[in-house]
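Biologist: Let's go through some terms one by one. Please give me the reasoning behind each.

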Amino acid sequence: MTQTVDPVAALRGQLVAWRRHLHMHPEVGFAEHETAAYIEAELRKMPGLTVSRPTATSVLAVLRGGKPGRTILLRADIDALPMEEENTFEYASRNPGAMHACGHDGHTAILLGVARLLSSDAANVPGEVRMIFQHAEEIGPGGAEELVTGTGLMDGVDVVTGLHLNSQLPVGVVAVKPGAFMAAPDTVEIVIKGKGGHGAHPEQAVDPIAVGAQVVTNLQHVVSRQVAALDALVVSITSFHSGTTHNVIPDTANLLGTVRTFDPELRERAPQLIERVVRGVCEAHGAGYEFRYELGYRPVINTDWVSARLREIALETVGPEHYQDARPTMGGEDFSAYLQRAPGAYFNVGSGSDEADSRWPHHHPRFTLDEASLETGVRMLHAAALRLGLPE
């Protein structure tokens, strides 16, 4: 009796090899030169692909299938984070100050695997499949915005999809959500301007540290008392720098934070709500301030019908026991740039397990993947390319 070979399982070793090479050689956004060269070289080994470099550090592979259908865009991000890795396995980062701590090495390996599967069976692929290996997801304004606005990548695209490995989901689980999925990540910078003096005589100074501490505390009232409880808003001050020694009250305090929203109207209101608190606290204590607010990526709002189709694909691909409806997250993603130009959806694949010690949160120096998640990712994106590509 002839046994059918599972083409994804047959790729297992290659997926791991791709991912580990990328993990060893991380590069941060807009500097992914060796990463892009490696991806391009691997793609050029695959028959039937048209490979190009839409930007200096991104790679595009295009497959024109043998059957009529839609034009589909599949996306993987390729950049690393500017941080030191604490893992000690043999394929840990060899580039000081850079680490794949968010799973982009896995995303890239997955899309390479999908490219190989599609290229080996191009006659049965509907429409056109574009596979973009995108630079600089972690650095605003983001590689997606550059690709969408300056390269023609989205011209004629009918549907776009992509995935994010998630260490907080069990390995092999697929999670999909229609509608609002990921938040807009905006940035606020505040400089409190006080009056320096001797630490022993605070009455002769205007202490920017004391004023800044009250600003931080009072900003939480924006969330709890000025915004409806069902409207999602996060205001987090994540950096507070002031002073140089123990007995000097400094002149200034510098605060940096992030503001996360889904709703466009609330996103527009947030700067005014925050600045009003800063202004009130500073005026009450005789301090001045500078206020800067920078809009980041748009929220990721998944298209309902694409999400529904991905849910169907997941139920068929991994089974109902490995499927769950995704919960929205206040994390941000520049995948939203593609959704301004075409319907689409972004989804999660679980990568966490105790066996692989891979439940560390994203952006942690011990972050890693259960590499079994790579196969799940390939199965999902490969099936999505074939199913979403079918003509209506």
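Biologist: At what angle do the axes of helix α4 and helix α10 cross?

Modeller: This is a predicted model. In it, the axes of helix α4 (residues 104-119) and helix α10 (residues 372-388) cross at roughly 50°. They come within 9 Å.

Biologist: Why is α4 called oblique to α10?

Modeller: Check the angle, roughly 50°. Under 35 degrees would count as roughly parallel, and 65 to 115 as roughly perpendicular. The angle fits neither range, so α4 is oblique to α10. The crossing is right-handed.

Biologist: Which residues meet there?

Modeller: From α4, G106, I110, L111, G113, V114, L117 and L118 take part. From α10 come S373, L374, G377, V378, L381, H382, A385 and L386. By type, ten are nonpolar, five polar and none charged.

Biologist: What makes α2 roughly antiparallel to α3?

Modeller: Helix α2 (residues 12-24) and helix α3 (residues 33-43) pack at about 160°, with axes 11 Å apart. Over 145 degrees counts as roughly antiparallel. The value passes that mark, so α2 is roughly antiparallel to α3. A17, W18, H21 and L22 of α2 make the contact with T35, Y38 and E42 of α3. These residues divide into four nonpolar, two polar and one charged.

Biologist: Why, then, are α2 and α4 called oblique to each other?

Modeller: Their axes cross at roughly 140° and come within 8 Å. Roughly antiparallel needs an angle over 145, and roughly perpendicular ends at 115. The angle lies between those limits, so α2 and α4 are oblique to each other. α2 passes α4 in a right-handed crossing.

Biologist: Which residues of α2 meet α4?

Modeller: Q14, L15, W18, R19, L22 and H23 do. Their partners in α4 are D105, G106, T108, A109, L112, G113 and R116. The contact holds five nonpolar, five polar and three charged residues.

Biologist: Now a single residue. Where does S58 lie?

Modeller: S58 sits in the loop between β1 (49-52) and β2 (59-64).

Biologist: Is S58 buried or exposed, and how do you know?

Modeller: Buried means under 20% relative accessible area. S58 has 0% relative accessibility, so S58 counts as buried. Leaving out residues up to four places away in sequence, S58 touches A36, S52, R53, F133, Q134, H135 and L147.

Biologist: What makes the pairing of the S58 and T55 side chains a polar contact?

Modeller: The limit for such a pair of N or O atoms is within 3.5 Å. The side chains of S58 and T55 make their polar contact at 2.6 Å.

Note on methods: Residues numbered from 1 in each chain as written. Predicted model: local features only at pLDDT ≥ 70, side-chain atom pairs only at ≥ 80, totals over all residues. Heavy atoms only, no water. Axes fitted to C-alpha atoms, helices over the stretch in contact; angles between N-to-C directions. Helix = DSSP H or I, 4+ residues; strand = E, 2+ residues; numbered from the N terminus. Contact = heavy atoms within 4.5 Å. Nonpolar A, V, L, I, M, F, W, Y, C, P; charged D, E, K, R; others polar. Buried < 20%, exposed > 50% of the residue type's maximum accessible area, 1.4 Å probe, protein only. Polar contact = N/O pair within 3.5 Å; in protein donor to acceptor, adjacent residues only side chain to side chain. Left-handed = near helix turned anticlockwise from the far one by under 90°.
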